[in-house]
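This report concerns the packing and the charged pairs of one protein model. Please consult the sequence and the structure shown here.

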Amino acid sequence: MNVVVLDSKYWPDVQDRGVEKKDIADVVRSVADEVLGLVDSLPEYVNLVVYPSVADDVIVETGIMGMTYSDEYASVYFDCTLPYGKERLLSGLREAVFHELVHAATFRHDPWQPDVLFGVVTEGLATVFERDYAGATPLWGSYEDDLVMTEWYLELKNLPKSETKNGEYFFKHSDGRKWIVYKTGSWMIDKLLESGEDLFDLIRMNHKDVIAKFNLLEVNSVEVLHE
């Protein structure tokens, strides 16, 4: 795995707050090795890019953002003003790397698509892995009860196909809900794990096969509709 810490005009802002570029590089490289030891389906070639950015580009609640574009290119970036301090930055980077590298693993056999159900599966897998193996408590992994989540799943399932990513369902909906895709995905994966499925087997599967497994489950006596 190739970890690249980019040069940036924002490094002086980071250093003024007690964090050196080397601190970031050392943490990210160590975490990447940790994930490599856990996820044996990671691609042979992964470029993980890390850099400081501005507040408008990151998740306001964490000061960090991640984006994975393919099985060979993942990125993690952070607010150069360190709004939550050094320790939270370093722990947050660890959590983000865990999340993004699972995307690289799933994109290896199932390339990125804008469809919300693709997002439900892949974001669910990444969030549950981040939570269970990085010791994180991601806000986007905290979901409602089974009845509400079944309604959200059916809502997502019934959306028309789109060639673009629907930000309202991934991030903030106009009705006030946040991270609908992520929360629904986390709930879905948890239900599959409760039924006896293995997380690492699910990471290796096509998202349609994961959905098919989920559609066979009965959740709180409410049967999820079949494809």
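The nonpolar core is described below, followed by the salt bridges.

The model is predicted: local features need pLDDT of at least 70, side-chain atom pairs count only at pLDDT 80 or more, and totals for chains, interfaces and linings use all residues. Residues are numbered from 1 along each chain as its sequence is written, and side-chain values use heavy atoms, with hydrogens and water left out.

**Nonpolar core.** The largest nonpolar core (buried Ala, Val, Leu, Ile, Met, Phe, Trp, Tyr and Cys residues joined through side-chain atoms within 4.5 Å) has 69 residues. Ile-24, Leu-48, Phe-78 and Met-188 have the most contacts inside this core. Helix α3 (residues 86-109) gives the most to it, with ten residues; helices are DSSP runs of H or I with at least four residues, and strands are runs of E with at least two, numbered from the N terminus.

**Salt bridges.** A salt bridge places a side-chain nitrogen of Lys or Arg within 4 Å of a carboxyl oxygen of Asp or Glu. By this rule the count comes to 16. Three of them are listed here.

| Acidic residue | Basic residue | N to O distance |
|---|---|---|
| Asp-7 | Lys-21 | 2.5 Å |
| Asp-23 | Lys-86 | 4.0 Å |
| Glu-95 | Arg-88 | 3.4 Å |

Asp-23 lies in helix α2 and Lys-86 in helix α3, so this pair ties together parts that are 63 residues apart in sequence. Glu-95 counts as buried at 15% relative accessibility, where buried means under 20% relative accessible area, exposed over 50%, and partly exposed in between (1.4 Å probe, protein chains only). Asp-7 is exposed at 68%.
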